[in-house]
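Please examine the sequence and the three-dimensional structure shown below before reading the report.

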Amino acid sequence: MDPAMPYFPDAESLGKAEPRIYYPDGPRFSVSGRTVSWMGWNFHADIHGLNGLHISNLRFRDEMMVYEMHATEFSAVYSGVSSKKDVFYSDGGYEMGNCATTLKPGLQCPEEAIFLPSLGYDSGYIWGAELTADAENAYAMCIFEAPDNKALFQHAQMRYEGLPQTALYVRTVLTVGNYDYTQVRTNSSLWLTTARGTALGGSHLARLHRIVAA
């Protein structure tokens, strides 16, 4: 059975501008050095050489919530027809935190986002490459607020009232070989904080194309 052809949107749809995030009255968050403040939240944001996105001293209304938050490892297990072909792949050993690629405004982050620098190889891990003190990537991490497209609360009685739900995002993309690890840390207006990481590579994209085409 031949594989399905990749799916591409029609030319008319691609010719129209995508939705954008903007702040009518300016951003509701602020960044001083690497300290981020938003809606009662305060934290320090950085990129660790081995673990990537690193959040520390997370506080809400001056109360300590999290001392330190980061991924411990990004790994994959490859299996073959015999145990000799079983491989445990660890990207933490490849200095994945130093592989933060340059973020493009309007692609991984809104154009109105604030970007923070970090040391890095920029174009992914280069075998045996030297990482010098001046190898700084000015667009390694971005911070922005975005709508969650749902109501934080709503009620209709004598009058209708409510408040839209939004979240503050801290994002970086670590490129190791053919894998792009997107790390995101989110603070919600529901006073929740979450962290997640996803890997996207060539084989992943091919699978997405097959799913959409089906």
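The report that follows describes a sheet, a nonpolar core and one residue of a strand.

This is a predicted model, in which local features need pLDDT of at least 70 and side-chain atom pairs count only at pLDDT 80 or more, while totals for chains, interfaces and linings use all residues. Residues are numbered from 1 along each chain as its sequence is written, and side-chain values use heavy atoms, with hydrogens and water left out.

Strands here are DSSP runs (E, at least two residues), numbered from the N terminus. Five strands form an open sheet in the order S1-S2-S3-S4-S5, with antiparallel pairing; two strands pair if DSSP finds at least two bridges between them. From one strand to the next, the twist averages 20°, an angle between lines fitted to C-alpha atoms, taken in N-to-C directions from 0 to 180 degrees. S4 and S5 are joined over 6 bridges, and Ile55 has Met69 in S5 as its bridge partner.

The edge strands, each paired on one side only, are listed here.

| Edge strand | Residues |
|---|---|
| S1 | 29-32 |
| S5 | 63-70 |

The largest nonpolar core has 38 residues. Such a core is a set of buried Ala, Val, Leu, Ile, Met, Phe, Trp, Tyr and Cys residues joined through side-chain atoms within 4.5 Å, where buried means under 20% relative accessible area, with a 1.4 Å probe and protein chains only. Phe43 and Phe144 have the most contacts inside this core. S10 gives the most to the core, with 7 residues.

Thr182 lies in strand S11. Thr182 counts as partly exposed (between 20% and 50%) because its relative accessibility is 22%.

Notes:
Helix = DSSP H or I, 4+ residues; strand = E, 2+ residues; numbered from the N terminus.
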